[in-house]
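Subject: The structure we talked about

Hi there,

Here is the structure I promised to send over. Have a look at it first, and then read on for what turned up.

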Amino acid sequence: MLLFGAASAFFTANTLRPFDRNGPAALPCFVAALGPSEFPTHELVIQSGLGLLAARRGGARGLRGALGLGLTAASFAGLWQLRREAQRAGDVLEAALVDGLGPDYHQRIAEPFAPTADVPVTRRSLVPAGRRDRARYRAARNLAYGEHGVRNQLDVWRRADLPSDARAPVILQVHGGAWIVGRKEGQGEPLLSHLAERGWVGVTINYRLSPRATWPDHIVDVKRAIAWTRASIAEHGGDPDFIVVTGGSAGAHLASLAALTPGLAELQPGFEDADTSVAAAVPMYGLYDITRTDDPFGRRLESLVAGKVLKTRLADDRPRWEQASPITHVHPGAPPFFVVHGVNDSVIPIEQARSFVDRLRAVSEHPVVYAELPRAQHAFDMARSVRTHHTVRAIERFLAVVRSRQGGATPAESVTSDRAERV
């Protein structure tokens, strides 16, 4: 019982506050914390069952047993706190929207674009549904947007009953994976399925990966995918004049850079004249300044980027490293941004988001919304959790404001959602 209690308390404590956020143990801390952080109630049930089993085998006897029980109780208390923090995410996100858009932002959402009324989280809405959602909404698979085989393929998500002339708003998802791993399936799907249910068209893309690919191959592919979307998405019911870009981690880096550099010729070789502008950007737990090497994370990042991505050293090639940093490209005409980051992120420090948002707010003429989610880890939105439920709905409200400001086609009545409980 003592060993079990100590292990339970250890994992819960790491979830409440990662033991390492910038050092060599940051990645194991992230892996150990993601499950309990997003599903503390499930973890509580598991720990209760295992603790009861240990107690029934005599583990609760004597001083060691009492210590074990005390540590287990402390773990339970921590998990309950994590549960409360996850449920509070809705209030945190709403406060961020009010701060970035103004207290009257709800009144500035045009009626045709208003999100459906929120509903309480249900057990059904938290069931993992990756394959189910892909089967329901993925209308086209492995379409080529470039010449680089499988790495230049994309999928289109939409409801089956979306009219071909709907001119629905479009969201393009860029996967993460440190520029060296990842694919178009798996990441961002709670957001994609939620918006597809509400009548949006989604695009998920592959792009070339390092070490085979060398920067700027990655961002060139993202921009080429945006150009393809603008030229071709009307065939799938999408509005080429309203494209939003989103992504997590390295995907957030690429999405932000694409949003800030429309038409930048050196990042659009061979399609310099293509319109790669976007209506808004929603980067999640992203990286925004690869030149920041003044901490352990930055030094590890420099080693990765120099060895596998840019394949040059920062000291020898600073202009190119700065070109690859979204923070360098902030300008007054930047599109609206909704930046989301977890306070407990032990893969990419939250200071990256704070610096980027400060720069955006100092320069941009358009809204900048920023939410720091208490206890949230890196990649939290890959899980269909309570926190993801609230985040997805907050993003929908943000995009409704942007769409109302910029105008757009009125959603067809035939795609009005009748499944309000879905994430």
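How many bridges join β2 to strand β4, and do they run parallel or antiparallel? The count is four, and β2 and β4 (residues 201–205) run antiparallel. One place to find this pairing on your screen is Trp157, whose bridge partner in β4 is Gly202. Before going further, please keep in mind that this is a predicted model.

Strand β2 has another partner as well. Strand β1 (residues 138–144) pairs with β2 in the antiparallel sense, again over four bridges. Here you can look for Ala144, which has Gln153 as its bridge partner in β2.

What about the surroundings of β2? Five of the five residues in this strand (residues 153–157) are buried, so β2 is largely enclosed by the rest of the structure. In a regular strand, side chains alternate between the two faces of the sheet. In β2, Gln153, Asp155 and Trp157 point one way, while Leu154 and Val156 point the other way. Residues on both sides are buried, Asp155 and Leu154 among them.

Helix α9 is worth a look too. This helix spans residues 250–260 and is mostly covered, with eleven of its eleven residues buried. The buried residues of α9 include Ala250, Gly251, His253, Ser256 and Leu260.

Now to the pockets. The largest pocket has a volume of about 620 Å³. Its lining is made up of 27 residues, and those nearest the centre are Leu27, Ala178, Ser249, Val347 and His378. Two elements give two or more residues to this lining: α2 (26–38) and α10 (296–309). By type, the lining residues of the largest pocket divide into 18 nonpolar, eight polar and one charged.

Finally, some numbers for the protein as a whole. The secondary structure comes to 13 helices and eight strands. The protein has 423 residues, and 56% of them count as buried. Its accessible surface comes to about 17,200 Å², with 55% of that belonging to carbon and sulfur atoms. As for contacts between residues at least 6 apart in sequence, 79% join residues at least 24 apart.

If you want a place to start, try β2, with β1 and β4 as its antiparallel partners, and then go to His378 at the largest pocket, one of the residues nearest its centre.

Happy browsing, and best wishes!

Conventions
Residues numbered from 1 in each chain as written. Predicted model: local features only at pLDDT ≥ 70, side-chain atom pairs only at ≥ 80, totals over all residues. Heavy atoms only, no water. 1 Å grid on protein atoms, 1.4 Å probe; cavity = no way out; pocket = protein on both sides within 12 Å on 5 of 7 lines; lining within 4 Å. Points joined across faces, edges and corners; volume = space filled by probe spheres on them. Nonpolar A, V, L, I, M, F, W, Y, C, P; charged D, E, K, R; others polar. Buried < 20%, exposed > 50% of the residue type's maximum accessible area, 1.4 Å probe, protein only. Contact = heavy atoms within 4.5 Å. Areas by Shrake-Rupley, 256 points an atom, 1.4 Å probe, with all protein chains shown as cover. Pairing = 2+ DSSP bridges.
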